[in-house]
Amino acid sequence: MKIEPFKVELWMNEHEDKAIYNTGETCVDSISMDELFEIAGLDKTETLNELAQKRLTYGHIFGNPRFKKGIASLYQTIQEEEITTTHGAIGANHLVLYSLVEPEDEVVAVLPTYQQLYSIPASFRATVKQHVLTPENNFLPDLEEVRKLVTEKTKLIIINNPNNPSGSLMDREMLEEMIAIAKEADAYILSDETYRGLTQAEVASPSIADLYDKEISVSSMSKVWSLAGLRLGWIATKNKAALEQCLLHRDHNTISCGMIDEELAAIALENKDRILARNQQIIRKNLNILDEWVAQEPHISYVKPQAGTVTLLYYDFDRSSRELCLDLINNHGLLFTPGDCFEFESCVRIGYGCSTEELIAGLKKFSEYLATI
């Protein structure tokens, strides 16, 4: 199987460890086990002693019931038996695509988005039609254009909500219109919802899994919950046929997730309101800082994100995004992600979910750099 190199991951693999100012990070400021236990009000010694007593077997093959109960609480209608755990959202997306997409199938995917969502179907020799989101439309789908792309041959429509890298957010009305398009073709919708819940305003962020009977929701413990080190994600769907295929294929590449990882994730989701409140405070404070900074920088513009931890910063000078980002990381220790990792140019992706101090320092360094342009 031939597959396109994963541009974002290659970039981060090569450059993240060199960063003095890591404004390329996409998770909300990560928490330690100490912080997790403190948030949960647990006695550290007692909790670690309990974990130390566990025999390190495969554990629960389809996911720790306590963890799955926590996942189900993030949805309106999803039940625990409609969930399976995976190795991160990256594993969940791969499992769904590996299970459902066959050669000569037709897939419609938005762009920009996380690259695996269109590169993996293409590697299976599916026909991938891309709907390009634009800043002029606030990086939201043009539903009439989507309708033109979808045909009776379309097996899967792939969306990313909230969107990475733009930070746009599709509301319930738009999701329902997307569902209407999918129903016309009897197509599945795969929604990567890794950033769901991290909104700037107090607005609902519905899951596609609660709205459609051929839906598949994917998410993880990484971005919203600040626990990327657990490497845990999940698939949630009410569609029995899709779930059965995912479980059948899962036997070939997963077996189970880590027992201790799922115990810690269960603790986190039992305290989801506290963690979410912490993380909402961080991203809202940081976006205000970023918004004020953009307003003061003559070379920079952006579409203000509505959700998530990332957005695209556009610049007005003549330089490729890769050349700019290489200069910034190699000569100034400042990490962004080039727009070309998302097939876009004249922009870079910034992550603003880091600590406030790191964001301020990174923006100051970028301002110093821009002053020399």
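## Exercises on a predicted model: helix 6 and its surroundings

Helix 5 (88–100), strand 3, strand 4 (127–132), strand 5 and strand 6 (188–192) are among the elements that cover the buried residues of helix 6. The model you are looking at is predicted, so let's work through it with that in mind.

**Exercise 1. Find which residues of helix 6 are buried, and describe what flanks the helix in sequence.**

Step 1. Start with the count: seven of the eight residues in helix 6 are buried, so the helix is mostly covered.

Step 2. Now name them: the buried set consists of Gln 116, Leu 117, Tyr 118, Ser 119, Ile 120, Pro 121 and Ser 123.

Step 3. Look ahead of the helix. The loop between strand 3 (106–111) and helix 6 (116–123) holds Pro 112, and the peptide bond leading into Pro 112 from Leu 111 is cis, with omega near 5 degrees.

Step 4. Look past the other end. Just after helix 6, Arg 125 has a positive phi of about 65 degrees.

**Exercise 2. Locate the cis bond that precedes Pro 165 and give its omega.**

Step 1. Place the residue: Pro 165 sits in the loop that runs between strand 5 (154–160) and helix 8 (172–185).

Step 2. Read the torsion: from Asn 164 to Pro 165 the peptide bond is cis, and omega is near 25 degrees.

**Exercise 3. Decide whether Ser 226 and Glu 343 are buried, partly exposed or exposed; each has a positive phi.**

Step 1. Check the torsions. Ser 226 has phi near 60 degrees, while for Glu 343 phi is near 70 degrees. Neither residue is a glycine.

Step 2. Place them. Ser 226 belongs to the loop between strand 7 (215–220) and strand 8 (233–236); Glu 343 belongs to the loop between strand 12 (337–338) and strand 13 (347–351).

Step 3. Apply the cut-off, with buried meaning under 20% relative accessible area. Ser 226 has a relative accessible area of 1%, so Ser 226 is buried. Glu 343 has 41% relative accessibility and therefore counts as partly exposed.

**Exercise 4. Trace the surroundings of Met 221 and Gly 88.**

Step 1. Begin with the core. The largest nonpolar core has 118 residues, and Met 221, Trp 234 and Leu 290 touch the most other members.

Step 2. List contacts of Met 221, leaving aside neighbours within four places in sequence: among them are Phe 67, Ser 226, Leu 232, Trp 234 and Ala 265. Ser 226 is the residue from Exercise 3.

Step 3. Turn to Gly 88, which is found in helix 5 and is buried, with a relative accessible area of 1%.

Step 4. Not counting residues up to four places away in sequence, Gly 88 touches Ser 220, Arg 231, Leu 232 and Gly 233. Leu 232 is thus listed for Met 221 and for Gly 88.

**Exercise 5. Judge whether the overall radius of gyration agrees with a compact globule.**

Step 1. For 373 residues, a compact globule would have a radius near 21 Å; the protein has 20 Å, so the two agree.

Step 2. Add the extent: the C-alpha trace spans about 60 × 55 × 40 Å along its principal axes.

Step 3. Add burial and contacts. Buried residues make up 58% of the 373. Of contacts between residues at least 6 apart in sequence, 74% join residues at least 24 apart.

Step 4. Finish with the inventory: the protein has 13 helices and 13 strands.

Definitions and conventions. Residues are numbered from 1 along each chain as its sequence is written. This is a predicted model: local features need pLDDT of at least 70, side-chain atom pairs count only at pLDDT 80 or more; totals for chains, interfaces and linings use all residues. Side-chain values use heavy atoms; hydrogens and water are left out. Helices (H or I, at least four residues) and strands (E, at least two) are DSSP runs, numbered from the N terminus. Buried means under 20% relative accessible area, exposed over 50%, partly exposed in between (1.4 Å probe, protein chains only). A nonpolar core is a set of buried Ala, Val, Leu, Ile, Met, Phe, Trp, Tyr and Cys residues joined through side-chain atoms within 4.5 Å. Contact means heavy atoms within 4.5 Å. The radius of gyration is taken over C-alpha atoms; the globule rule is 2.2 Å times the number of residues to the power 0.38.
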